[in-house]
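This report describes the fold, strand pairing, backbone features, aromatic pairs and largest pocket of one protein. The sequence and the structure come first.

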Amino acid sequence: IKSAWFTGLGAAQNAQLGLYNLDTKEYTKKVVQGPLEFANITGNIALKDSDVAVHCHATLSNKDMIAFAGHVDKAIIGATCEIVFRILDTPLTRKHDDEIGLNLLEI
């Protein structure tokens with residue numbers, strides 16, 4: 001898959017989420033311990049310099065129903081994770097933007 005949008009739900013044992021700081025051009029990262037419920041997973045797949053680039057965000061909640069959200073760096077799946085891909089005919093590509101500091105979609 002080289003170009004797609006996706007959405008999903010499921011469960012995780014733990015996850016590392018990120019929040020991008022535009023001033024420092026760095027991610028603040030937080031490890032969230034589970035069990036966790038993925039209330040939402042959304043993202044896309046594009047190409048950057050001929051490599052597949054996955055961009056995923058999620059909202060997760062813990063056993064106390066406290067929600068955490070952000071850019072998904074990694075997650076260990078729990079009982080299940082169901083993701084639906086919508087494959088695109090039009091290629092999506094990313095290019096690094098020095099001013100923002102991120103690999104942005106070229107549209």
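Strands (E, at least two residues) and helices (H or I, at least four residues) are DSSP runs, numbered from the N terminus. The model is a predicted one, in which local features need pLDDT of at least 70, side-chain atom pairs count only at pLDDT 80 or more, and totals for chains, interfaces and linings use all residues. Residue numbers start from 1 along each chain as its sequence is written, and side-chain values use heavy atoms, with hydrogens and water left out.

**Overall fold**

The protein has six strands and zero helices, and the order of its elements from the N terminus is β-β-β-β-β-β. Its C-alpha trace spans about 40 × 35 × 15 Å along the principal axes. Of the 107 residues, 31% are buried; buried means under 20% relative accessible area, exposed means over 50%, and partly exposed lies in between, with a 1.4 Å probe and protein chains only. A contact is a pair with heavy atoms within 4.5 Å. Among contacts with a separation of 6 or more, 61% are between residues 24 or more positions apart.

**Strand pairing**

Two strands are taken as paired if DSSP finds at least two bridges between them. S1 pairs with S2 in the antiparallel sense, over 16 bridges. Within this pairing, Ala15 has Val32 of S2 as its bridge partner. S1 is also joined to S4, again antiparallel, by 13 bridges. Here the bridge partner of Trp5 is Arg86 in S4.

Ala12 lies in strand S1 and counts as buried, at 3% relative accessibility. Its C-alpha is 6.5 Å from that of Ala75, although the two residues are 63 apart in sequence. Leaving out residues up to four places away in sequence, Ala12 touches Gly34, Pro35, Leu36, Phe38, Leu60, Ile76, Ile77 and Gly78.

Two of these contacts of Ala12, Gly34 and Pro35, are joined by a cis peptide bond with omega of about 15°. Pro35 lies in strand S2.

**Loop residues with positive phi**

Two loop residues have a positive phi without being glycine, Lys25 and Asp49. The table sets them side by side.

| Residue | Loop | Phi | Relative accessibility |
|---|---|---|---|
| Lys25 | between S1 and S2 | about 60° | 37%, partly exposed |
| Asp49 | between S2 and S3 | about 50° | 60%, exposed |

The hairpin of S1 and S2, to which Lys25 belongs, has four residues between the strands.

**Aromatic pairs**

How many aromatic pairs does a search of the whole structure find? There are two, where rings of Phe, Tyr and Trp (its six-membered ring) pair if their centres lie within 6.5 Å, and planes under 30 degrees apart count as stacked, over 60 as edge-to-face and the rest as tilted. One of them is formed by Phe6 and Phe85, whose ring centres are 5.5 Å apart and whose planes are at 50°, so the pair is tilted. Phe6 is in strand S1 (residues 4-21) and Phe85 in strand S4 (residues 67-87), so the pair ties together parts 79 residues apart in sequence. Phe6 counts as buried because its relative accessibility is 7%, whereas Phe85, at 38%, counts as partly exposed.

**Largest pocket**

A pocket is defined on a 1 Å grid over the protein atoms alone, as an open set of points where a 1.4 Å probe fits, with protein on both sides within 12 Å along at least five of seven lines; lining residues have an atom within 4 Å of a point. Points are joined across faces, edges and corners, and the volume is the space filled by probe spheres set on them.

The largest pocket holds about 290 Å³ of space. Its lining has 16 residues, and those nearest its centre are Tyr27, His55, His71, Leu102 and Asn103. S1, strand S2 (26-48), strand S3 (51-61), S4 and strand S6 (102-106) each give two or more residues to the lining. S3 gives the most, with four residues. The lining divides into seven nonpolar, seven polar and two charged residues; Ala, Val, Leu, Ile, Met, Phe, Trp, Tyr, Cys and Pro count as nonpolar, Asp, Glu, Lys and Arg as charged, and the others, Gly among them, as polar.

His71 is found in strand S4 and counts as buried at 14% relative accessibility. Not counting residues up to four places away in sequence, His71 touches Gln16, Leu17, Gly18, Tyr27, His55, Cys56 and His57. Tyr27 and His55 are, like His71, among the residues nearest the centre of the pocket.
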